[in-house]
Amino acid sequence: MSDEPVGAVYRIEDLAHHSGATVRTIRAYQDRGLLPRPERRGRANVYADAHLARLRQIADLLDRGYTLASIKELLEAWDTGRGLGGILGLVAEVDGPWTDERAVRISRAELDERFGGRPDDAAVADAVELGVLERVPGSADSFLVPSPQELSVAVELYAAGVPLSAISGHLRELRVKVEHIAARFLEFTTEHVFARYLGEHPPTDAGTAEAASLVRRLRPLAQQTVDAELARAMRLFATRRLREHFDPEHPLEQREETRPVELPAATTRAVERLVGTEQVAAFVTAAAERELRARTLDQLAANHVASGMVDETP
């Protein structure tokens, strides 16, 4: 139980002492809108228990890893009547780990050994830029590996003869496509599942608890779907590629010649919104083919009508 009296008032120095924050920090929180302004009594500014409770909330959220900007949003939600506990539960679900992997530490010597024993500063810098490695503060020769599985894939590809620069380039390309898939899955679930929690009125504690439960249930679905579709596509294309190269009864497929076509940026964006980035080329092709077929049908019909006309000129 707190030893402060009910309805206690504090000078800023007393508030700093009881909260553990510095006077400078308290004033900074006030300037950023995280902490209400004190009450003016005569020539003095006084703070109440509510200010002390708010400072302790901020400290707790900082310990949990939240930024001051996100803390401000959470506290504003609290001030507008939404239960902070429910919101924190939902934020914790969304902001929590989306994989069972645990980060590990690796030394520079271990890293070099796993990639052939030859130091490659450029490759290490590339891995840090991509987030495959994270530098450990205060240690020049240690790294944090957020995804040991991703690093293991790079090791195996390198051992199979793929240059590190090619692995980095492939990861960059793959990341763009995967981020697009993630964005589409988020849009899809937001539209059909979470839209009811994002209306004009703040959700209740029960609503945020229900939304958090749905996040737990739906979290693995994107990865499961991608895993299944990737397995299907890999089997399809790997089998086709082997047949093309090694089966004399099935020579390489004759691929139609393609030519680049420039489209206005506004048209491309409109098509992307309609069918997604990955389907733009297919949509434009289908639309062009449909137009060509329509014109062919019109021409056939026009020719038929023209051939059936009787010249009645005397």
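Reader: In β6, which residue is the bridge partner of arginine 135?

Author: Happy to start there, with a note that this is a predicted model, where local features need pLDDT of at least 70, side-chain atom pairs count only at pLDDT 80 or more, and totals for chains, interfaces and linings use all residues. Residues are numbered from 1 along each chain as its sequence is written, and side-chain values use heavy atoms, with hydrogens and water left out. Two bridges join β5 to β6 (residues 142–145), and the two run antiparallel; strands here are DSSP runs of E with at least two residues, helices are runs of H or I with at least four, both numbered from the N terminus, and strands pair if DSSP finds at least two bridges between them. In β6, the partner of arginine 135 is phenylalanine 143.

Reader: Which strands stand at the edges of that sheet?

Author: The sheet is open and has three strands, in the order β4-β6-β5 with antiparallel pairing. A single partner strand each leaves one side without a neighbour in the sheet for β4 (104–107) and β5 (134–135).

Reader: Which helix gives the largest share of the largest nonpolar core?

Author: A nonpolar core is a set of buried Ala, Val, Leu, Ile, Met, Phe, Trp, Tyr and Cys residues joined through side-chain atoms within 4.5 Å; buried means under 20% relative accessible area, exposed over 50%, and partly exposed in between (1.4 Å probe, protein chains only). The largest one has 19 residues, with Leu15, Ile26 and Ile71 making the most contacts inside it. At least two of its residues come from each of α1 (12–19), α2 (23–31), α3 (49–63) and α4 (68–79). The largest share, four residues, comes from α3.

Reader: How many residues apart in sequence are the parts tied together by arginine 108 and aspartate 121?

Author: These two form a salt bridge, with their closest N and O atoms 2.7 Å apart; the term means a side-chain nitrogen of Lys or Arg within 4 Å of a carboxyl oxygen of Asp or Glu. Arginine 108 is buried at 16% relative accessibility, whereas aspartate 121 is exposed at 55%. Arginine 108 sits in helix α6 (residues 108–114) and aspartate 121 in helix α7 (residues 121–130), so the parts they tie together are apart in sequence by 13 residues.

Reader: About how many helical turns separate glutamate 291 and arginine 295?

Author: Their side chains meet in a salt bridge (2.9 Å, N to O). Glutamate 291 is partly exposed at 40%, and arginine 295 is exposed at 57%. Because they are four residues apart in helix α12, the separation is about one helical turn.
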